[in-house]
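User: I'd like a close look at one part of this protein. Could you walk me through what packs together on the inside?

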Amino acid sequence: LVESNGFDLLAMGRPEGPGCYCFANTILRACVDQIGRNYSYIVIDCEAGLEHLSRRTAGDLDLLLVLSDPSLRSLDTAARVLQLVEELHTKVARKAFAFTRVEDSIPADLLRAARERGLPEPLTIPEDPEVRELDLNGRPLVGVTAQSPCLRAVRAIAEAAGLL
């Protein structure tokens with residue numbers, strides 16, 4: 001746990017042996033359950049995939065924001081995430097879906113594919129040279145300026161979700 005100005009960060013541990021994250025997930029879930037009461041908001045940034053949902057690391061959710069880059073493969077994963085949430089009967093108050101790294105607009109065929117898969121109306125987070133530069137140099141994204149298009153889009157999503 002790293003405490004900082006404005007937010008704290010709890011990083012998930014690594015497995016003790018090859019393959020299984022069972023113990024690390026159990027510890028993470030226990031930490032979130034125990035210290036989560038001390039925070040107004042808890043953001044769990046999961047790797048792409050389904051493991052955190054199937055292991056119920058996150059528990060019940062006020063907001064599930066599923067992100068996808070503008071590709072069919074990523075879109076299929078996003079749809080599978082929402083399907084798994086339903087199958088596991090995870091309580092989710094609100095669901096949102098956003099395409100990230102959008103350069104101009106979302107191609108019509110990708111929007112149609114999102115609708116066909118039952119995804120919520122997609123929000124967009126634009127490709128941002130400032131974010132790309134920070135990421136390229138291994139610098140934390142909290143260093144992004146207030147003028148960042150990406151930051152403005154994420155802020156708008158948080159406001160629409162009632163988080164700000």
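Which residues does Leu 64 touch, not counting residues up to four places away in sequence?

Analyst: Keep in mind that this is a predicted model. Leaving out residues up to four places away in sequence, Leu 64 touches Val 81, Leu 82 and Val 85, and also Val 92, Arg 94, Lys 95 and Ala 96.

Now let's zoom out a bit. Leu 64 belongs to the largest nonpolar core, which has 18 residues. Leu 64 is among the residues with the most contacts inside that core, along with Val 66, Leu 75, Phe 97, Phe 99 and Leu 119. Who supplies the core? Strand E3 (61-68), helix H3 (72-87), strand E4 and helix H4 (108-116) each chip in at least two residues. H3 gives the most, with six residues. As a general rule, nonpolar side chains in soluble globular proteins tend to be buried together.

There's also a second, separate core of five residues, and Ile 125 is one of its members, as are Cys 150, Ala 153 and Ile 157. Ile 125 leads us back to E4: Arg 101, which sits in that strand (residues 92-102), is in contact with Ile 125. The two are 24 residues apart in sequence, yet their C-alpha atoms are 6.0 Å apart in space. Leaving aside neighbours within four places in sequence, Arg 101 is also in contact with Pro 70, Pro 126 and Glu 127. With Glu 127 there's a polar contact too, 3.1 Å between the side chains.

Conventions. Residues numbered from 1 in each chain as written. Predicted model: local features only at pLDDT ≥ 70, side-chain atom pairs only at ≥ 80, totals over all residues. Heavy atoms only, no water. Helix = DSSP H or I, 4+ residues; strand = E, 2+ residues; numbered from the N terminus. Contact = heavy atoms within 4.5 Å. Polar contact = N/O pair within 3.5 Å; in protein donor to acceptor, adjacent residues only side chain to side chain. Core = buried A, V, L, I, M, F, W, Y, C linked by side-chain atoms within 4.5 Å. Buried < 20%, exposed > 50% of the residue type's maximum accessible area, 1.4 Å probe, protein only.
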